[in-house]
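Colleague: I would like to learn how to read a model like this one, feature by feature, beginning with the way strands pair. Could you take me through it?

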Amino acid sequence: SIMSIKVYVHYEENEDSDEHMTLKLTLPKKWVCEGKPEMVLKLFLESYNKKKGRSILIKEHHLENSSGVIFFSEDVIGDVMKDREDIYVKFGPTPAGKFVPEKAAKSVVEDHTNKMRCKNFGCNEFFLEEENSSEACRHHVGPPIFHDTKKGWSCCEKRVYDWDEFQAIVGCNVGPHSTVDPKNRLKMSENQSNESLQTEEAVPLKSINEYNKANPDAITAVKKVLEKENKPQACTRKSDGTAKCRNRGCQKDFVVAENTKESCCYHRANPVFHDAGKYWGCCPKKVEYDFDEFLLIKGCCVGYHQDGSGDFINAD
């Protein structure tokens with residue numbers, strides 16, 4: 001009988017390894033019997049976008065297995081995916097129709113027998129080594145860039161929003177086809193650059209006095225920031241004996257007479273908003289992308305509620 005299956009879905013298309021992600025998904029029996037691959041793609045990308053703070057579009061990507069077999073829009077999950085199989089999210093829309101193994105296998109044998117696939121950015125064509133030449137391949141020298149809905153190549157200025165237009169961007173370099181992963185070539189170039197940088201003469205560091213003389217406004221600017229930080233807060237006490245807590249991450253109303261050193265759970269550092277990520281400076285490992293979830297991050301300190309009166313002092 002048909003059971004639920006587990007698959008490992010990977011996203012590794014971005015050059016930056018910090019943008020990569022792998023999820024182990026359990027697909028229910030109903031999905032295995034009736035579901036389409038795009039359901040798995042949607043489930044993965046919704047989780048990916050939430051965690052990474054991105055907006056990768058489902059319509060611009062597809063799924064394929066480790067052998068490079070693409071899953072079509074009308075395929076049934078149970079027919080094309082195996083239990084504990086590795087599935088990859090790839091650039092390019094999901095092709096319409098249904099995958100026909102016999103036809104596809106025949107096509108591959110006819111078109112690509114004894115051929116190698118070029119790994120240059122923007123090429124991916126099959127070629128015969130004896131036909132390769134210094135003018136055989138038009139490609140890009142830099143990896144692709146996908147920011148929100150914009151697409152382009154890091155070596156070229158042109159940016160587009162439509163996937164077909166992105167694929168149509170003509171390569172900026174001509175050379176031979178290559179089976180070497182360009183990511184590895186980039187790493188080699190970076191290592192060579194680092195070696196050359198080490199041989200250059202180090203730039204002498206300026207003393208604090210020299211910097212202050214060259215930037216006379218810097219001292220004033222810092223002084224203004226410190227004055228603002230040390231400025232006393234306005235008291236929030238009301239005539240009914242309540243007040244609003246001014247501690248970071250709290251902001252609750254409380255009864256002043258009932259305030260104790262264990263009444264408030266708060267954060268001691270300011271919030272940090274970097275790109276789409278949100279966290280508290282005192283708790284940098286707890287990053288949220290949804291604002292409501294950010295507000296629910298539990299404080300790391302316990303003490304008095306603060307109303308700005310100066311009557312309550314916390315140890316931190």
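Modeller: Strands of a sheet pair through backbone hydrogen bonds, either parallel or antiparallel. In this predicted model, β1 and β4 pair in the parallel sense, over five bridges, and two of the pairings can be followed residue by residue: Y8 stands opposite D86 in β4, while Y11 has V89 of β4 as its bridge partner.

Colleague: In which sense do β1 and β2 pair, parallel or antiparallel?

Modeller: The pairing of β1 with β2 is antiparallel and runs over seven bridges; within it, T22 in β2 is the bridge partner of H10.

Colleague: What is the order of the strands in the open sheet, and which strands stand at its edges?

Modeller: The open sheet has four strands in the order β2-β1-β4-β3, and its pairing is mixed. The edges are taken by β2 and β3 (61-65), and because each of these has a single partner strand, one side of each is left without a neighbour in the sheet. From one strand to the next, the twist averages 30 degrees.

Colleague: How many residues of β1 are buried?

Modeller: Five of the seven residues of β1 are buried, so this strand is largely enclosed by the rest of the structure. Part of the surroundings can be seen from V9, which touches M21, T22, L23, L25, V40, F44, I87 and V89, if residues up to four places away in sequence are not counted.

Colleague: Where does α2 lie with respect to the strands?

Modeller: The helix α2 lies across β1, β2, β3 and β4, and it runs at about 135 degrees to β2.

Colleague: Which residues have the most contacts inside the largest nonpolar core, and which elements supply it?

Modeller: The largest nonpolar core has 29 residues, and those with the most contacts inside it are V9, L27, V40, F44, L63, M81 and V89. At least two residues of this core come from each of β1 (5-11), β2 (21-27), α2 (37-52), α3 (77-80), β4 (85-91) and α5 (163-167), and the largest share, five residues, is that of α2. There is also a second, separate core of nine residues, which includes C245, F254, V256 and Y266.

Colleague: C245 is a cysteine in that second core; how far is its sulfur from the closest cysteine sulfur?

Modeller: The general idea is to compare the sulfur separation with a cut-off, here 2.5 Å. The closest cysteine sulfur to that of C245 belongs to C250, at 3.7 Å, which is too far for a bond, and the count by this rule comes to zero disulfides. As for their surroundings, C245 is buried, with a relative accessible area of 1%, whereas C235 counts as partly exposed at 43% relative accessibility.

Colleague: How should I read the backbone angle phi, and which residues have a positive value although they are not glycine?

Modeller: Most residues other than glycine have a negative phi, and most peptide bonds are trans. Here R84 has a phi near 60 degrees, a positive value in a residue other than glycine, and Q251 likewise has a positive phi of about 60 degrees. R84 is placed in the loop between α3 and β4, and Q251 in the loop between β12 (242-244) and β13 (253-255). Both residues are partly exposed, R84 at 47% relative accessibility and Q251 with a relative accessible area of 41%.

Colleague: Which strands does the two-residue hairpin join?

Modeller: That hairpin joins β16 to β17 through two residues. The two strands, β16 at residues 277-280 and β17 at residues 283-288, run antiparallel and are joined by two bridges, with K278 standing opposite E288 in β17.

Colleague: Sequence distance and spatial distance are separate readings, I take it. How far apart are the C-alpha atoms of D162 and E60?

Modeller: Those C-alpha atoms are separated by 8.7 Å, although D162 and E60 are 102 residues apart along the chain. D162 has its place in the loop between β10 (159-160) and α5, and it is partly exposed, with a relative accessible area of 36%. For the protein chain as a whole, among contacts between residues at least 6 apart in sequence, 53% join residues at least 24 apart.

Colleague: To finish, how many helices and strands are there, and what share of the residues is buried?

Modeller: The protein chain has nine helices and 18 strands, and buried residues make up 30% of its 316 residues. About 21,100 Å² of the chain is exposed, with carbon and sulfur atoms supplying 51% of this area.

Key: Residues numbered from 1 in each chain as written. Predicted model: local features only at pLDDT ≥ 70, side-chain atom pairs only at ≥ 80, totals over all residues. Heavy atoms only, no water. Core = buried A, V, L, I, M, F, W, Y, C linked by side-chain atoms within 4.5 Å. Buried < 20%, exposed > 50% of the residue type's maximum accessible area, 1.4 Å probe, protein only. Contact = heavy atoms within 4.5 Å. Areas by Shrake-Rupley, 256 points an atom, 1.4 Å probe, with all protein chains shown as cover. Pairing = 2+ DSSP bridges. Axes fitted to C-alpha atoms, helices over the stretch in contact; angles between N-to-C directions.
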